[in-house]
Amino acid sequence: MRGKFITLEGIDGAGKSTHLPWIAEWLQAQGHTVVVTREPGGTPLGEMLRDLLLAQPMHCETETLLMFAARREHIDKVILPAMGKGHWVVSDRFTDATFAYQGGGRGIPSSKLEALEDWVQQGLQPDLTLLFDVPWEVSQARLALSAVHDRFEAENQAFFERVRNAYLQRARAFPQRIRVVDASRPIAAIRETVAAILGELE
Ligand code: ADP
Ligand code: TYD
């Protein structure tokens with residue numbers, strides 16, 4: 001049986017990386033083989049593209065195309081093969097991030113993103129997307145504690161408000177797939193919500 005595909009989304013500092021190992025362990029405890037991966041990245045070439053994307057200033061359309069180039073490799077080399085073996089794939093970000101950051105944040109029209117999505121994904125969509133939602137002030141306070149800041153994290157409040165709104169708009173457009181999790185709460189409370197949502201997938 002084909003494995004399921006779960007993606008984690010949210011603005012930087014929402015807590016995706018904090019929850020990801022716990023989610024993987026929770027699914028393993030249910031008896032699934034879990035593949036943990038991320039975007040941009042997930043393959044050797046994708047990780048090279050990630051290094052460029054996070055550090056190198058570039059045109060916003062170049063940025064969009066490189067995100068989808070990395071995704072094409074990721075789908076072909078990691079996501080579909082794993083799902084085909086019945087493994088569950090959990091990815092730290094996927095295409096909703098492109099709609100949020102390059103669409104909402106940078107202003108690339110949805111029609112262009114949808115065309116690339118159709119081309120690259122050929123109908124592949126996550127079975128579930130957990131959208132970790134926090135106000136910018138909360139994410140900012142969390143990120144202030146860490147030393148490393150990439151090209152996206154250096155963006156201003158207005159950028160992240162647009163990214164967050166674009167995510168929430170997508171959650172309204174795809175309510176079956178995208179579940180909004182209030183990630184401004186303590187970690188234990190968030191885990192409880194996430195476990196309840198994951199339990200519905202079985
Ligand atoms: P993301 O992967 O979404 O960018 P992280 O998981 O790296 O976010 O979290 C950013 C920072 O916030 C980390 O230092 C993490 O320990 C902290 N953090 C994450 N979730 C919470 C939470 N619910 N409450 C308090 N701090 C949190
Ligand atoms: P992420 O792995 O969440 O960063 P971190 O390791 O700091 O938690 O994501 C890297 C950055 O890439 C993040 O700022 C969002 C951005 N991004 C896009 O702009 N578009 C995309 O399609 C994807 C997948 C990520």
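**Exercise 1.** Find which pocket ligand 1 takes up in this predicted model, and work out how its surroundings are made up.

*Solution.* Begin with the space taken by ligand 1, which is the largest pocket; a pocket is an open set of points on a 1 Å grid over the protein atoms alone, where a 1.4 Å probe fits, with protein on both sides within 12 Å along at least five of seven lines, and a molecule sits in it if more than half of its atoms lie within 2 Å of its grid points. Next, the elements giving two or more residues to the shell are α1 (16–29) and α8 (187–201), helices being DSSP runs (H or I) of at least four residues. Finally, the shell divides into 5 nonpolar, 4 polar and 4 charged residues, with Gly counted among the polar ones and Asp, Glu, Lys and Arg as charged.

Residues are numbered from 1 along each chain as its sequence is written, and ligands from 1 in the order in which they are written. Local features need pLDDT of at least 70, side-chain atom pairs count only at pLDDT 80 or more, and side-chain values use heavy atoms, without hydrogens and water.

**Exercise 2.** Determine which atoms of Lys-16, Thr-18 and Arg-185 approach ligand 1.

*Solution.* Take the oxygen atoms of the ligand to begin with: a backbone N or O atom of Lys-16 lies 2.8 Å from one oxygen atom, and a polar side-chain atom of Thr-18 lies 2.5 Å from an oxygen atom. Then turn to nitrogen, where a nitrogen atom of ligand 1 is 2.9 Å from a polar backbone atom of Arg-185.

Definitions and conventions. Polar contact = N/O pair within 3.5 Å; in protein donor to acceptor, adjacent residues only side chain to side chain. 1 Å grid on protein atoms, 1.4 Å probe; cavity = no way out; pocket = protein on both sides within 12 Å on 5 of 7 lines; lining within 4 Å.
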